[in-house]
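Work through the exercises below with the coordinates open. Try each task before reading its solution.

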Amino acid sequence: MLHNWARIDPAGPITVENTRLLVPQTGSSTEAAFCLGFNEVSAACTPLVQAMVRGQDAAASKDVDAVVQSLLDVLDAVHHLTETALMKIDPVPLASPHADPVIWAKLVAPTGIPVVSNVPGVSGAAAAGIQALDNFLGRVTHASPLGQEALHVADNYAPNVRRFVAAMGQAPVRDFVLESGDVGLRGLFQNVVDAYTGDRGYLGVHRRKVYGFIQTAFKVGRPSTASGISGQYRARAWRHAHHALEAARVERVLDMSMQPVPARLAGRTVVAQGSTGPINDIRLDLRGTGLIVRPGDRLAVHPKNDPELVEWTLQALGATGEERVPLTTSWQASLAARHDQLNRGDANLRDFLTHAWLRPLTPEVAEQLVALAPAPSLLALLRERREEGWEVPDALHELRRTGFNPSRMWKAELMDREAISRILPPLPARLYSVAGTEVDDDGLPTTASLVIGHLSFEAEGADGEVRRQRGTASTMMTERLDIGGEVDLTVVRPQRFTLPTDDRGVIMCAAGTGVAPFMGFLEHREAGDGDNWLMLAVRTPEQVPDQERLYRWRDTDHVRLDIAYSREAPEGGPTGRIDRLITSPEVGPELVRWLLETDANLYVCGQGGFASTVMTAVREALAAHGPEGLDPDVAMRQLVADRQVMFDVFTTFTPAADLRPGERPLEVSELIAHTGPDTGYWMAINGVVHDMTEFRHLHPGGRHIVDDNCGVDCTTEFDEVRHHLDPEIVAMLEMYRIGVVRQLSLEGPWGIAIREGRVDAITLQQLYAAWVAEAYTVVELRNSLRNELSVIALPLTDREDVGDLTPLKVGIVVDTMQRFCVQLLAIALGTEIADLWAMTCGLAAPAADAQELGRRLQQGLGHTAGNGTLGQDGGLWPDVAEALAAAHDARDRAADAGPDAHAAIADAAATIEGMLTDIVDALGVGLQAFERHEAAVAVVAGPDLLGALAVLPDRLRARRGELATAARALATALEG
């Protein structure tokens, strides 16, 4: 891969746009995007290598200034890797080139898996520049599986490359920085480490990008990664891959990090009145921190809890605060960003709680506490999703009521499930856009300004009273932190919210404190680097922040300022919201001209509802003023794919379970029915339902990752990739929120279930949860199958058109049908559905045969397996297997096959998808019975529940016959 390319312009750079594959295997856009993108990442390491060599030379000669310059060059190179090179492997459908994760899994990824034992595969660990950077920054630990893989890869480098990579670790610059005692140099080094190893740095961005590809790949049948991580669908191997990447990132953090240098609060001024309180201009002294800030950057503020909350939590734990508690590696990595770094193996309990997430109580923490002691109040809290008004000490007091002593949490060993650092996560950093900077004579920032409002919301507390909750970071920055007080910061450079590198125009839409990044933009472009247009939404003139600077810029030739006043305008002028301004005759046509004719960038910064309103209004303007025939939805998707439209969305927290204006409670049976173009694509996260129909075209991870998780509650996958810790992503979801999943009242009935030779007591709530879980499982399987079948309609090589039938496609179709029968159907009709029948019998029809459904499925589908189920791996029906084998053998004749072959493939695809749809529909009928009758369902609708499942054997037996017929028709059509 590293050698199969050539420049298009010999004098041009090594980029995706200026290179081509010498010998393409398929010629697809996906192959080009991935292989050439991988090469661009490798080429982008060239200036990195040069900077590291200069840094080592400078450290050897103890030239501090030269070391500073080398670290600045390394920092620039790492930022380029993260923001530009890595982004070229783009799964967004309208990107050019586009890397489709399903095509990648089927045709590109397998080429990186070694065919000879003990030879490393082609993976990110193969980039010599990255391994050299590891050594340069001081990595010494390779205990993780991918750390071991990196050593194995390095052993297989060419001798000169191997010696160079090793040399980078023989005199790491990190040692010189520590020995120098130079505080600013230490801060700059830590800034480089954050940019590389941070959760929002190169390794964090890389991990999230890989997760999207790997999840889709394993779901459509990829057996293993190039690093050797393997497993089938049921094993959820994509999570193992994600954990391996995170473990390798964390061990780098622990090796490389050194005590960061805190910034100091230099000043705090109220600049406007917001809806929840004053808006403050926060000025931070960055001297000596080594932080390098540019327009569009965010500063991640690492907050500390209010000391009163810490003391209250200590009381609930029955502790003094001086106790030592062991720390998990994720906790250790989080504390590496704090200047008052704690002992990496353990911490004083008071210090630990100062940095722990105590307010509000999260569902994840509540679930872990309930696992320790099932406090009825906490169970009800989780069921009703009312955690936001509670705090951790509230929950600890409830545990004590059950007889559980919370002191066990801080007394526990790290491997115990009740160890406090395994239950309470670290406080996440809060991101604030940089509103302006001041620099010294060398161009290095000395101060940075943030615009911070006061986050507060009302929610019902543990005592049943409505409490006003306050944001931890905003309260610290606007009230608790004294002038001169220290605050830990990390620079976060967004990949999709940056100024253009040329002088094209920029359009900025902001609401309230959302103007902050645009103040930095305008300050940077004050010299006249292109035209600028700011549209600001406020309620009254008093809410316009930093009026002096804004009005001064408005009076220049290169800044246009339009303000939408929603409640009161100056001098009795017209009022209206931002959408009215955007679609007005004075703005709409000019906005469209800027976007389509001058390629101006559009930036949107504000809360989710504001961003959604802006996007709707821009689409309306495109429809009204764009060229004839322009589809405004497609135009908007293309603008996002081309990074002409970018978002910085934030939220002012409100309880998730509260219905918003225009929302309604939604049923699970509705959720599982919204998984396609005819119904729309819905997904639930923590019980909140989002309509992702439009966002699937805009999601940075591509549409397949969204499609995979529609129709289900995908909270686990959302949390797995740590999206729940990213306030920007949580806020972005607000744009697509449509309601909350209704909680059913299911208290009371219970029964006895006989399953797999054991007898269990079950409640109605447990039975309902089992129906929901099975429905989600089968919906997810159907989503994966649809993604896998989607490639049939796409050109897979550069020698075919859309809809062409090729030997390659026939092979994929046959493989998909075989995998469906052997793996996916076995999961859908495995132990869980037999258990579901037995549980339903036990609670709703005790006289019924608890094993009947399993026997009928086994008899009707012809599988042979024990325990009355289809077994873990199912089996392939002989008649279907014979027909598929014949079709596979005749695949070379695909190009000559007529419409009968296309029809047979369509019939086979519809049949296997129909099998899963039959199961989803049956489960949906049962869920509707729960939703209609709730606590009375077992008494009045037991026959309905069993009847919903009882139809499956006959329906699926008929589908099996249809599949055999379609498979034989395909073989006949290909054989000619």
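**Exercise 1. The largest cavity**

Which residues lie nearest the centre of the largest cavity, and how many residues line it?

Solution. Keep in mind that this is a predicted model.

Step 1. Search the whole structure for cavities. Six turn up with a volume of 30 Å³ or more.

Step 2. Pick the largest cavity. Its volume is about 1,200 Å³.

Step 3. Collect the lining. It holds 46 residues, and His699, Pro700, Gly701, His723 and Ile729 lie nearest the centre.

Step 4. Assign the lining to secondary structure. At least two lining residues come from each of these helices: H10 (202-219), H28 (703-708), H29 (715-720) and H30 (727-733). Strands E17 (645-650) and E20 (680-685) also supply at least two each. H10 gives the largest share, with seven residues.

Step 5. Sort the lining by class. The result is 28 nonpolar, seven polar and eleven charged residues.

**Exercise 2. The surroundings of H17**

Find which residues of helix H17 are buried, and state what covers them.

Solution.

Step 1. Apply the burial cut-off, under 20% relative accessible area. Val392, Pro393, Asp394, Ala395, Leu396, Glu398 and Leu399 of H17 pass as buried.

Step 2. Weigh the count. Seven of the ten H17 residues are buried, so the helix is largely enclosed by the rest of the structure.

Step 3. Look for the cover. It includes helices H12 (307-317), H15 (363-372), H16 (376-384) and H18 (407-411). Strand E11 (466-470) is also part of the cover.

Step 4. Check the backbone just after H17. There Gly403 has a positive phi of about 100°.

**Exercise 3. Salt bridges**

Examine three salt-bridged pairs, those of Glu398, Asp555 and Asp798. For each, give the partner, the closest N and O distance and the accessibility.

Solution.

Step 1. Recall the principle. Side chains of opposite charge can pair when their charged atoms come close.

Step 2. Take Glu398. Its partner is Arg401, with the closest N and O atoms 3.2 Å apart. The two sit three residues apart in H17 (residues 392-401), so about one helical turn separates them. An α-helix has 3.6 residues a turn, so residues three or four places apart point the same way. Glu398 is buried at 15% relative accessibility, whereas Arg401 is exposed at 68%.

Step 3. Take Asp555. It pairs with Arg554 at 3.7 Å between the closest N and O atoms. Asp555 is exposed at 60% relative accessibility. Arg554 is partly exposed at 38%.

Step 4. Take Asp798. Its bridge is to Arg799, with 3.0 Å between the closest N and O atoms. Asp798 is partly exposed at 48%, and Arg799 is exposed at 62%.

Step 5. Widen the view. The structure holds 58 salt bridges. Some join into a network: Asp199, Arg207, Arg208, Glu246 and Arg249 are linked this way.

**Exercise 4. Cysteines**

How many disulfides does a search of the whole structure find?

Solution.

Step 1. Test cysteine sulfur pairs against the 2.5 Å limit. The search finds zero disulfides.

Step 2. Inspect Cys45. Its nearest cysteine sulfur belongs to Cys35, 17 Å away. Cys45 is buried, with a relative accessible area of 3%.

Step 3. Inspect Cys714. The nearest cysteine sulfur is that of Cys710, at 7.7 Å, and Cys714 is in no disulfide. Cys714 counts as buried at 7% relative accessibility.

Methods: Residues are numbered from 1 along each chain as its sequence is written. This is a predicted model: local features need pLDDT of at least 70, side-chain atom pairs count only at pLDDT 80 or more; totals for chains, interfaces and linings use all residues. Side-chain values use heavy atoms; hydrogens and water are left out. A salt bridge is a side-chain nitrogen of Lys or Arg within 4 Å of a carboxyl oxygen of Asp or Glu. Helices (H or I, at least four residues) and strands (E, at least two) are DSSP runs, numbered from the N terminus. Buried means under 20% relative accessible area, exposed over 50%, partly exposed in between (1.4 Å probe, protein chains only). On a 1 Å grid over the protein atoms alone, a cavity is a set of points where a 1.4 Å probe fits but cannot get out, and a pocket is an open set with protein on both sides within 12 Å along at least five of seven lines; lining residues have an atom within 4 Å of a point. Grid points are joined across faces, edges and corners, and a volume is the space filled by probe spheres set on the points. Ala, Val, Leu, Ile, Met, Phe, Trp, Tyr, Cys and Pro count as nonpolar, Asp, Glu, Lys and Arg as charged, and the others, Gly among them, as polar. Contact means heavy atoms within 4.5 Å.
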